[in-house]
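The following note is offered to a colleague who wishes to examine this entry before using it. The points are numbered for ease of reply.

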Amino acid sequence: MTKKNRKVGVSRRGFLKTLGVGGAGMLIPSGALAAQERVPQPSDGELATLLDLSKCIGCGECVSACRESNAAKFPEPKKPFPEMIPASRAKPEDWSDKRDLDGRLTPYNWLFLQNVEVVYKGEEYDINIPRRCMHCQNPPCANMCPFGAANKHENGITRIYDELCMGGAKCRNVCPWHIPQRQSGVGLYLDLMPSLAGNGVMYKCDRCYQLLDKGELPACISVCPEDVQTIGPRHEIVAQAKALANKMNGFIYGLEENGGTNTIYVSPVPFDLLNKAVDKGKGKPHMKQVADVMADETNLATATLIAPVAGIAAGFLGLGAKLMKIAGSSGESKGDSDES
Ligand code: SF4
Ligand code: SF4
Ligand code: SF4
C-alpha cells in the first residue's frame, strides 16, 4: 500500500506565476516571497484562507508562531477565582498552569494540529489538519454575544474583544465547532459581577488582526515552510480552492459549512473520512458537515433581539464608537454546550 500525504501541490513560484503577482487583488501565499507582498486590505472585501492539506507535513511551526505572535494577548488571571452563585452556574476554567499544552484549543493555544491516517481508494494517507476558528461569514458567535464582545470585521475576521467579554461562553455554545475557550479570573466580570455573571474571557484565533492591519501576513501563514496556507479576497480563494480540488480530484470543506466560512480546506480524501478519524472532544473540533446555524428562524429572531442590547452594552462600556466601525451581524444557535 502506498502512503501519501503530499500527492498534490501547487508550488509557490508556480502559483505566483499563474496569478501574476504584483497585480491588484492577488492571492498571497506564505514564505519569503510573500513577505515582499502586502495582504489586501478591507476594501478588497472579505479575506479568506485556503489550506491545502496535501502539503502540510505537521511540523508545528504554525502552532509555535501563533503562540509567539499572540503571546501579549494571552490572559494573566487573578487567583483565587471568585466563587460563582450558584456554584453550579459556571465552573471556572483555568488553563494558566497548562500554557504549553498544544494538543487542543485553549486560551493560550489558538491553533493546533489534528493528525489522521486514513485509507481511501486503497491508499493510505497521513493528513495533518491545522485547526482554529473558521471565521464564518455569518458568525453565530458574534451574532449571539449578549455583550457585543464578539464582532465580525469588514475584512472577514471574527474577533472577541477581551475588554468587553464577560466569559459567559455563549459564543462557544453557539459555534458549530465550539472554538472559543474560556480563561477564568480575568476580564470585566471581575469588576462588574464577579460571582453573578460571566466567568472570565473567551479566546480564539483573531487572524492576527494586528498584522493584517499593517498589511502583513498572519504569523501561521508566513512561517509555514510548505506554503500550506494562502490568503486573499474570498472570491479568489474560492476559485483557487475549486481549481485545486479539481486538480487533485479532491474535496473542499468550509465553502458551505455554517452557510460559508472564510477558511477553506482542500483535501485529497473526503472530509467525512477525516471527521471519523480525528480525535474529537472539548477543544478538538469535528470536521462534519454543518448546516447554516443562522438560517434557523429562532436564532434569527433571537439575534434581532440581542443586537440592540449588544450595541447598548458596547456604548455603556465606552467602546461603542470603536465597535460601530466594525461590520457586525446578528443571530443564535442551539449549539451543544461545551461547559466544563
Ligand atoms: S507550519 Fe505549515 S507544514 Fe508545518 S504544521 Fe503548520 S501548516 Fe503544516
Ligand atoms: S462561530 Fe465559531 S468558527 Fe465561526 S467565527 Fe465564531 S468562533 Fe469562529
Ligand atoms: S491567524 Fe494568527 S491568531 Fe489565527 S491561528 Fe494563525 S497565527 Fe494564530
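**Note on the predicted model**

1. The largest nonpolar core has 71 residues, and C165 and C171 are those with the most contacts inside it. Setting aside residues up to four places away in sequence, C171 touches C141, C145, A150, I160, P180 and M202. In soluble globular proteins, nonpolar side chains tend to be buried together.

2. Please bear in mind that this is a predicted model. The mean pLDDT of the protein chain is 82, with 77% of its residues at 70 or more. Residues 29-36 have a pLDDT below 50, and this stretch has 20 contacts in the model beyond near neighbours in sequence. Residues 1-26 also stay under 50, and here the model has 42 contacts beyond four places in sequence. Where pLDDT is low, the predicted coordinates should not be read in detail.

3. Strand 3 deserves attention. Residues 47-52 form this strand, and six of its six residues are buried, so strand 3 is largely enclosed by the rest of the structure. L47, T49 and L51 point one way from the strand, whereas A48, L50 and D52 point the other way, and all are buried. The charged residue D52 is thus listed among the buried positions.

4. Strand 3 has two partners to consider. With strand 10 it runs antiparallel, joined by five bridges; T49 stands opposite I231, and L51 stands opposite Q229. Strand 10, residues 229-233, is mostly covered, as five of its five residues are buried. With strand 12, residues 263-267, strand 3 pairs in the parallel sense over four bridges. In that pairing T49 faces T263.

5. Which residues come closest to ligand 1? Among the 14 residues that surround this ligand, the closest are C56, C59, C62, C224 and V228. Helix 3 (61-70) and strand 5 (123-131) are the elements that give two or more residues to this shell. By class, the shell has nine nonpolar, three polar and two charged residues.

6. Ligand 2 is surrounded by 13 residues, of which C133, C136, P139, C141 and C175 are the closest. Its shell divides into ten nonpolar, two polar and one charged. C141 appears again here, as one of the residues that C171 touches.

7. For ligand 3, C66, C205, C208, P218 and C220 come nearest out of 14 surrounding residues. Two or more residues of this shell come from each of helix 3 and helix 8 (219-223), and helix 3 gives the most, with four residues. The shell divides into nine nonpolar, two polar and three charged residues.

8. Three backbone features should be inspected. Most residues other than glycine have a negative phi, and most peptide bonds are trans. The peptide bond from K79 to P80 is cis, with omega near 0 degrees, and P80 lies in the loop between helix 3 and strand 4 (112-120). R207, which is not a glycine, has a positive phi of about 55 degrees. This residue is found in the loop between strand 9 (201-203) and helix 7 (209-212).

9. Are R207 and D227 buried or exposed? R207 has 27 other C-beta atoms within 10 Å and is therefore buried. D227 has 21 such atoms within 10 Å and is buried too; the cut-off is 20 or more. The phi of D227 is also positive, near 55 degrees, and D227 sits in the loop between helix 8 and strand 10.

Key: Residues numbered from 1 in each chain as written. Chains lettered and ligands numbered in written order. Predicted model: local features only at pLDDT ≥ 70, side-chain atom pairs only at ≥ 80, totals over all residues. Near = placed C-beta within 6 Å. Nonpolar A, V, L, I, M, F, W, Y, C, P; charged D, E, K, R; others polar. pLDDT = per-residue confidence, 0-100. Contact = placed C-beta atoms within 7 Å. Buried ≥ 20, exposed ≤ 12 C-beta atoms within 10 Å, placed from the backbone. Pairing = 2+ DSSP bridges. Core = buried A, V, L, I, M, F, W, Y, C linked by C-beta atoms within 7 Å.
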